Amino acid sequence: MSSPSDDPPSKTPQNPVSQVAQANDDRQDPKVEMEKEISSASVFVNAEPPREEQVQNAVRFLSHPKVRGSPVVYRRSFLERKGLTKEEIDEAFRRVPDSNPDATTTLSAVDGQIKSSLNDQQQHPVQVLQSTPVGPAVSTSKVGAISRFRWYHGILAAGFLTVAQVIAAVVFKRLFVPKLKSWIRWIVLEEDVKGQTKKFDTKPSIAEEAAAAAKSAATAAADVARTSQDMLMTNSEEKRCLEELISMLRVQASEMTSLRGAIQKLEVGHSITSRQSTEEHNIKGFSWTTSGQPYANGKVDSDSRSVRSLSPPVSVEPSVAPHPKSYMEIMAMIQRGEKPSNIREINDAPPNPNQPLPNPHLAPKPKPWEIGQGQSRSAGTFPSQASTNGFSIDDQLNGDNIVRWRQPNNTRTTETEIGNEPNFGFPSVATNETLLKRSWVPPQPPSVVMPEAAAAIRQPKKSLSQTDTETDDLKSADITDELQKITKISEMGGSFEANGSNSTHSNEIAPSTDERASSLMA
Amino acid sequence: MPVFKTPFNGYSVKFSPFYENQVAVATSQNFGILGNGRVHVLQLGPAITERVAFDTADGVYDLCWSESHDSLIVAAIADGSLKIYDLSLPPTANPIRSLHEHGRECHGVDFNTVRKDSFLSASWDDTVKLWTVDRPTSVRTFKEHAYCVYSVVWNPRHADVFASASGDCTARIWDVREPGSTMILPAHEFEILSCDWSKYDDCIIATASVDKSIKVWDVRNYRVPLAVLNGHGYAVRKVKFSPHRGSMMASCSYDMTVRLWDYMVEDALIGRYDHHTEFAVGVDMSVLVEGLLASCGWDELVYVWPHGTDPRAP
């Protein structure tokens, strides 16, 4: 765990700060400033450029035939879970229809080969010859491929090929060769018989031709036998390689199962969608290729991610927390179709949908973090500027306030004026002065709940008399003003920076909290 | 410490931002599976007493107090509607509004603390909707999540920024001025049930997940969490940053405990309360009283106690 630095190393805040500073310097219409602020990157936007590796991973994922059948929403969700930004995902979607990934072409070629070899078993052995040199080449290329689904298909294809070729070789040896031999013998015998009636000249030629044909057939057969033997040898070599690969995969799979077992041992609360539990497991079985380098800093969860992706499409979720017995009874009842008997028919529709909203009896109180905002920030100029800028967008009244805030010469006077309005709980003048010793941070302007107060701000001369009356009203009504002061004092005494006296601080606070709580509850 | 027994199973508890001795509790019958619901408004004191209660046809999963009107409560109902209750009117005149647009259960609701005029609802129909109290229809719908949105939280300093936590394992940061989400945090490998912004550093956000952990993120460098808080035995149901101490947060879990953490400290766990006898599903820290905690659970009990004391002490 590292404490957040006040000046984060990333480039993101620097540009917006300069842009916001420029915007600050322009004393323009608040609306023009608003446009500038929206275009300048806020800190809540991802400013990284799209990463090419991630986009390529996504393209490969989207090109997978299994993925193509799934709804687009699930594809997007999967990529988002892998940490891709919107830009990267959009880029990948843009690329997928155009791309022609190798996987699909080799797969289709291999499928074609399988089909052709299966169909050609009974036909001329020459076709087997033709398929054989291609077969080992394709299978070796498959062996060299990186992605796993190619291995899976490659193993299948290689298996089919070897089986087909072995069958073809065996069939050829067992059936064709004896048939050929018997056919040759029959021809030779026939020729001998026929040759007696024919001229002697033709006999040797026919016999020679037959013999030559027989010889060529025999040599062809011998060649075929040799090539089939070579083929079988290469197949056995392939088998050996494949077996090695399979053993390695088995080792990996056993590691994964042991990890999964370890995770399943930990018992975890189930998700709360108990009313209708639907789980999407469509894409969970797909393996994400990261080639050993997940993200720049993303190694935190790389193991758990790989566990999840390699597991079969069964939930690897942490196991469900033991639910109360009556909960299981009620679930069982509902699954049987029974309705629990304690449910009443209640009409909870609004009796008067046009009921006017009530008048608030109390003004909104400042939040503890709004009171102490200036003190707790040391170098956090950007976010508070962003907050004031963000605020100016929706309220033109406050736009005037913003303009005034940015005139440093008038700062102290305006702040002291506002400081006289305790209903917004602004820090006292003394606090502001200590604040001004550091880089000046404008306190967040309060929300405009009372338009008369906003009008008062605009007219400084009249505000003093108005604020006095407001002060009287509120102080008499509110006990909790004291509470705010106590809170303020305790916060001023404490520190909100990293590390430090958290334990001692809590010791100081706990007794006073107890006193306050008990006095309030009494 | 006072305890209150509700007739139904607790789902959410929230302190009033106006009155330090008022607390609202959302409850659902039959664990929220099927049945009625009830919103309780409780008065704290030497004992907790019920000020008023409102019955609903379906379970109440969450509620929030209005930041602009001290007597308004917005409740998220399991039938997908949002109901607004006015405590200044008798129960027979309530609710004053019923906003029904979500297609599925409403699971979270949060009121804007900066502008104080709008609120967000998170629903199992994968969307987040933006509403204002005076309008009968939603102002905007944010549809990007691929699964149930469990929680939505406004940024305490930026009036237009909010975060959502979803069952699609991502947390998203949105700006109401932008058409879609501005950041996607693939925060966990499992469903994210809750998120909350730090009150003192507007770029820090915590996410709580089914994977039993709470992760603290800085949105400026969101690839790596600032801290991973492990310790809960089951899914963490809710996480809430302290309104008074910058790095402190409270969480409640299906392991029946409420824990307090300080993510800046080496050993982050600074408090552990195991007073509940069933899932602890709701926790809140008072904005007006420092250190005051409230929790509710499926054991139908609501506890309110100051940090450092035993919630079950008489």
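## The loop with P95(B)

P95(B) sits in a chain B loop, the one running between β8 (81-86) and β9 (97-100). Take a look at the bond leading into this proline: the peptide link from N94(B) to P95(B) is cis, and its omega is near -5°.

Keep in mind that this is a predicted model. Chain B has a mean pLDDT of 95, with 100% of its residues at 70 or more. For the model as a whole, the scores are ipTM 0.89 and pTM 0.57.

## Two positive phi angles

F31(B) is a residue other than glycine, yet its phi is positive, near 60°. You'll find F31(B) in the chain B loop that links β3 (22-28) with β4 (37-43). The relative accessibility of F31(B) is 6%, so this phenylalanine counts as buried, the cut-off being under 20%.

E300(B) isn't a glycine either, and its phi is also positive, at about 70°. This glutamate belongs to the loop between β27 and β28 (301-306) in chain B.

## D299(B), a buried acid

Staying in the loop between β27 and β28 of chain B, we come to D299(B). D299(B) is buried but makes no salt bridge. If you go looking for a partner, the nearest side chain of opposite charge is that of R312(B), 7.5 Å away. A salt bridge needs the nitrogen and the carboxyl oxygen within 4 Å.

What D299(B) does have is a polar contact with H276(B), side chain to side chain, at 3.0 Å. Setting aside residues up to four places away in sequence, D299(B) touches T277(B) and E278(B) as well as H276(B).

## C296(B) in strand β27

Now for the strand that comes before that loop. C296(B) is part of β27, which covers residues 292-297 of chain B. With a relative accessible area of 0%, C296(B) is under the 20% cut-off and therefore buried.

So what is packed around this cysteine? Leaving out neighbours within four places in sequence, C296(B) is in contact with a run of residues from G10(B) through Y11(B) and S12(B) to V13(B). Its other contacts include A280(B), V281(B) and G282(B), plus L301(B) and V302(B). H276(B) is on the contact list of C296(B) and also on that of D299(B).

The pairing with V13(B) spans a good stretch of chain: C296(B) and V13(B) are 283 residues apart in sequence, but their C-alpha atoms are 6.3 Å apart in space.

Key. Residues are numbered from 1 along each chain as its sequence is written. Chains are lettered from A and ligands numbered from 1 in the order in which they are written. This is a predicted model: local features need pLDDT of at least 70, side-chain atom pairs count only at pLDDT 80 or more; totals for chains, interfaces and linings use all residues. Side-chain values use heavy atoms; hydrogens and water are left out. Helices (H or I, at least four residues) and strands (E, at least two) are DSSP runs, numbered from the N terminus. Buried means under 20% relative accessible area, exposed over 50%, partly exposed in between (1.4 Å probe, protein chains only). Contact means heavy atoms within 4.5 Å. pLDDT is the predictor's confidence in each residue, from 0 to 100. Lys and Arg count as positive and Asp and Glu as negative; His and the chain ends are not counted. A polar contact is a pair of N or O atoms within 3.5 Å; within protein, one must be able to donate a hydrogen and the other to accept it, and residues adjacent in sequence count only if both atoms are side-chain atoms.
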